[in-house]
Amino acid sequence: MKEFDIEENEELLRSLIIRELENEQEIGSFSEEDLRNSLTGSFNAIKSKLESEKINIVTPVVPLIKRNWFRLAAAAVFVLAVIGVYLLVNQQPVELPVAKSDQHITNDILPGGNKAVLTLSNRSDINLESVSNGTIVTEGDTKISKLNDGQLVYNTLEEKPTQVLYNTVTTPRGGQYQLLLADGSKVWLNSASSIRFPVSFNGNERRVEVSGEAYFEVAKNPSMPFKVDVNGKNEIEVLGTHFNINSYTDEGSIKTTLLEGSVKVTSLKTRESKLITPGQQAQLNTDGQITINKADPDKVMAWKNGYFNVDGADTKTVMQLLSRWYDVDVVYEGAIPQREWGGDIEKNLKLSQMLKILEKNNLHFRLEGRKLMVLP
């Protein structure tokens, strides 16, 4: 049976999809349910016809920008029909022109994953990638275990621990990790981030230190407020709430976004404090001033939910996301290209796949080892 591999002939499909989208006028008025039913029927009918002619359509899951996915899916049915007609008439393999990104990428880079280093109270390091699941070590009265889903769990054996020992979890570029702290609070660390915390909590407060980006779901304990020191510049105080902190030093400000509950944000430079409510974001600038703005929770939480949201982002911001997730150094050969970006992109793509998507906005690259050159 002759095979036509959609993945191998991606550029042909892209050109056909673009051509169809340029001609399509009515698809935007379809409801999502009607369109899904129509697509399923059309796809199966075409596929059955081609298979009866001894042509097997190899259709892997192709990650796409989520925005307007249904219009692309409709166009894909058209593409499949075109392929079928082409093969039935010609009975010859389709020759694919070399994509521009393929000319520049010979050593592809996989997306990031669950990678982190645990630093114990005695300052010894444990690479969490290299240890087996289960109990790793016991620190004082607390047992530390690694789960198979990239999570570190702290379980205090004594109701009132007597020792205060600190651990640090650090993610590299291309890494992420989850923690379940001894008090039941949950923490998700993004790439190039760290958190320092006591292995068990006692006293009048629960205090941790964070750099980079982290999302918290804090366990409620009114008698022991939860406080986060951010880069030594910002303090966040909560009782029980869900919030995200972005404190990457190359982004110019520290952003605290509240999803649930309430928090007080304090500038350690000016001692100014402000309360924020769900859907708000507090930004601390380099002068120590705090401003409150409306936030887009989906955009803020995209990193935790497995995708990049680039709505309103400039090229520099997009490349910072890639630098952290793929562990590459970005170099601009000339001025930074000015582009308007929008939509969501899956984080599970290889770098070559990601760059192909970005090249559709007339941005081009060359990869040299771990150095990603942005071409003029």
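## The second largest pocket

About 640 Å³ of space lies in the second largest pocket, and this value, like the others in this report, comes from a predicted model. The pocket is lined by 29 residues, of which Asn-246, Glu-251, Lys-299, Thr-317 and Leu-321 are the closest to its centre.

Several elements each supply at least two residues of this lining, namely strand E16 (242–247), strand E17 (254–260), strand E20 (280–284), helix H5 (297–300), strand E22 (307–309) and helix H6. The largest share, five residues, comes from H6.

## A three-stranded sheet and its helices

Helix H6, which spans residues 315–326, also lies across strands E23, E25 and E26, and runs at about 150 degrees to E23. These three strands form an open sheet in the order E23-E26-E25, with mixed pairing. Strand E23 (329–332) and strand E25 (364–368) are the edge strands, each of them pairing on one side only, and neighbouring strands of the sheet are turned by 25 degrees against each other on average, when direction is ignored.

Between E23 and strand E26 (residues 371–375) the pairing is parallel and extends over four bridges; within this part of the sheet, Val-330 stands opposite Leu-372 in E26. A further helix, H7 (residues 351–359), lies across E25 and E26 and runs at about 160 degrees to E25.

## The surroundings of Asn-190

Asn-190 is placed in the loop between strand E11 (186–189) and strand E12 (193–198). Its relative accessible area is 8%, and because buried means under 20%, Asn-190 counts as buried.

When residues up to four places away in sequence are not counted, Asn-190 touches Thr-171, Gly-175, Glu-213, Tyr-248, Trp-303 and Lys-347. With one of these residues, Glu-213, there is also a polar contact of 2.9 Å between the side chains.

## The surroundings of Ile-292

Ile-292 belongs to strand E21, which covers residues 290–294. With a relative accessible area of 30%, this residue is partly exposed, because its value falls between the limits of 20% for buried and 50% for exposed.

Leaving aside neighbours within four places in sequence, Ile-292 is in contact with Lys-274, Ile-276, Gln-280, Gln-281 and Ala-282. Thr-256 is 36 residues apart from Ile-292 along the chain, and the C-alpha atoms of the two residues are separated by 9.6 Å.

Note on methods: Residues are numbered from 1 along each chain as its sequence is written. This is a predicted model: local features need pLDDT of at least 70, side-chain atom pairs count only at pLDDT 80 or more; totals for chains, interfaces and linings use all residues. Side-chain values use heavy atoms; hydrogens and water are left out. Buried means under 20% relative accessible area, exposed over 50%, partly exposed in between (1.4 Å probe, protein chains only). A polar contact is a pair of N or O atoms within 3.5 Å; within protein, one must be able to donate a hydrogen and the other to accept it, and residues adjacent in sequence count only if both atoms are side-chain atoms. Contact means heavy atoms within 4.5 Å. Two strands pair if DSSP finds at least two bridges between them. Axes are lines fitted to C-alpha atoms, for helices over the stretch in contact, and angles run from 0 to 180 degrees between N-to-C directions. On a 1 Å grid over the protein atoms alone, a cavity is a set of points where a 1.4 Å probe fits but cannot get out, and a pocket is an open set with protein on both sides within 12 Å along at least five of seven lines; lining residues have an atom within 4 Å of a point. Grid points are joined across faces, edges and corners, and a volume is the space filled by probe spheres set on the points.
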